[in-house]
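These notebook entries record what I looked up in one structure, in the order in which I looked.

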Amino acid sequence: MASISSRRLAKELMEIKNEGCPVGINLLKADDFASWQFSIEVMGDSLYKGEAFTLLFRFDKDYPISSPAVQFMVAEGKESPVHPHVYSNGHICASILGNEWSPVLSVVAVCVTLQSMLASCKKKERPPDNDRYIRHAPDNPKKTQWHYDDDTV
């Protein structure tokens, strides 16, 4: 019997394959229900015009009840966007991935939210505690106790 997680991910994958992704978002890899990769590009006039980034989604057995671990990939020549909520190791401080996660959200909805976060950015800069954070950051960004205090960028 398939788990809730695998049934949900199979449904989301089928929707992506049948309907495609929103403009600027592309599924790169979904070989299993453990991890998926997407490219994300901000469309229109933005600070990130012409830049593409790769998002890594990691799913545990409790998805969609628990959020996926989501981060920008920074290996193999890939870099994370310079953004006030994105650390140089690719970890993302966004409440939608933490205390505001809802099981009704989909992988594509997360991609669109992060695309919008980048599109609305007014200044390319790292979080003020970037250097300290990346020295002690866990491999899994879900293990970080984020403090959400700024939703203006």
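**Entry 1. Surroundings of Phe57.** I began with the contacts of Phe57 in this predicted model. Leaving aside residues up to four places away in sequence, Phe57 touches Ala34, Ser35, Trp36, Phe38, Pro68, Ala69, Val70, Val107, Val110 and Cys111. One of these, Val70, is the bridge partner of Phe57 in S4. I then noted how the two strands run: S3, residues 52–58, and S4 pair in the antiparallel sense, over four bridges.

**Entry 2. The nonpolar core.** Which residues touch the most other members of the largest nonpolar core? I found Trp36, Leu55, Phe57 and Ile92, in a core of 32 residues. H1, S2, S3, S4 and H2 are the elements that give two or more residues to this core. H2 supplies the largest share, seven residues.

**Entry 3. The sheet.** I next traced the strand order. The four strands form an open sheet in the order S1-S2-S3-S4, and the pairing is antiparallel. S1 (25–29) and S4 are at the edges with a single partner strand each, so one side of each has no neighbour in the sheet. From one strand to the next, the twist averages 25°.

I also looked at the start of the sheet. S1 and S2 form a hairpin, with five residues between the two strands. Their pairing is antiparallel, over four bridges. Within this hairpin I located Lys29, which stands opposite Gln37 in S2.

**Entry 4. Helices on the sheet.** How do the helices lie relative to the strands? Helix H1, residues 4–19, lies across S1 and S2 (35–41) and runs at about 35° to S2. H2 also packs on the sheet, where it touches S1, S2, S3 and S4. The direction of H2 makes about 35° with that of S2.

**Entry 5. Aromatic pairs.** I searched the whole structure for aromatic pairs and obtained nine. One of them joins Phe59 and Tyr63, with 5.1 Å from centre to centre and 65° between the planes, an edge-to-face arrangement. Are Phe59 and Tyr63 buried or exposed? Both are buried.

Why is the pair of Tyr87 and Tyr133 described as tilted? The ring planes stand at 45°, with the centres 4.4 Å apart, so the pair falls in the tilted class, which takes the angles that are neither under 30 degrees nor over 60. This pair links distant parts of the chain, 46 residues apart. Tyr87 belongs to the loop between S4 (69–72) and H2 (107–119), whereas Tyr133 belongs to helix H3, residues 130–136. I recorded both Tyr87 and Tyr133 as buried.

I then asked which rings group together. Trp36, Phe38, Phe57, Phe59, Tyr63 and Trp101 make up one aromatic cluster. Of this cluster, Trp36 and Phe38 are also listed among the contacts of Phe57.

**Entry 6. Backbone particulars.** I checked the peptide bond from Tyr63 to Pro64 and found it cis, with omega near 10°. Pro64 is in the loop between S3 and S4.

Glu76 has a phi near 55°, a positive value in a residue other than glycine. I placed Glu76 in the loop between S4 and H2. Its relative accessibility is 68%, so Glu76 counts as exposed, the cut-off being over 50%.

**Entry 7. The chain as a whole.** Last, I took the overall figures. The chain has three helices and four strands. Read from the N terminus, its elements follow the pattern α-β-β-β-β-α-α. The C-alpha trace spans about 45 × 35 × 30 Å along its principal axes.

Does the radius of gyration agree or disagree with that of a compact globule? For 153 residues a compact globule would have a radius near 15 Å, and the chain has 15 Å, so the two agree. Buried residues account for 44% of the 153 residues. Among contacts with a separation of 6 or more, 59% are between residues 24 or more positions apart.

Terms used
Residues are numbered from 1 along each chain as its sequence is written. This is a predicted model: local features need pLDDT of at least 70, side-chain atom pairs count only at pLDDT 80 or more; totals for chains, interfaces and linings use all residues. Side-chain values use heavy atoms; hydrogens and water are left out. Rings of Phe, Tyr and Trp (its six-membered ring) pair if their centres lie within 6.5 Å; planes under 30 degrees apart count as stacked, over 60 as edge-to-face and the rest as tilted. Buried means under 20% relative accessible area, exposed over 50%, partly exposed in between (1.4 Å probe, protein chains only). Two strands pair if DSSP finds at least two bridges between them. Axes are lines fitted to C-alpha atoms, for helices over the stretch in contact, and angles run from 0 to 180 degrees between N-to-C directions. Contact means heavy atoms within 4.5 Å. A nonpolar core is a set of buried Ala, Val, Leu, Ile, Met, Phe, Trp, Tyr and Cys residues joined through side-chain atoms within 4.5 Å. The radius of gyration is taken over C-alpha atoms; the globule rule is 2.2 Å times the number of residues to the power 0.38.
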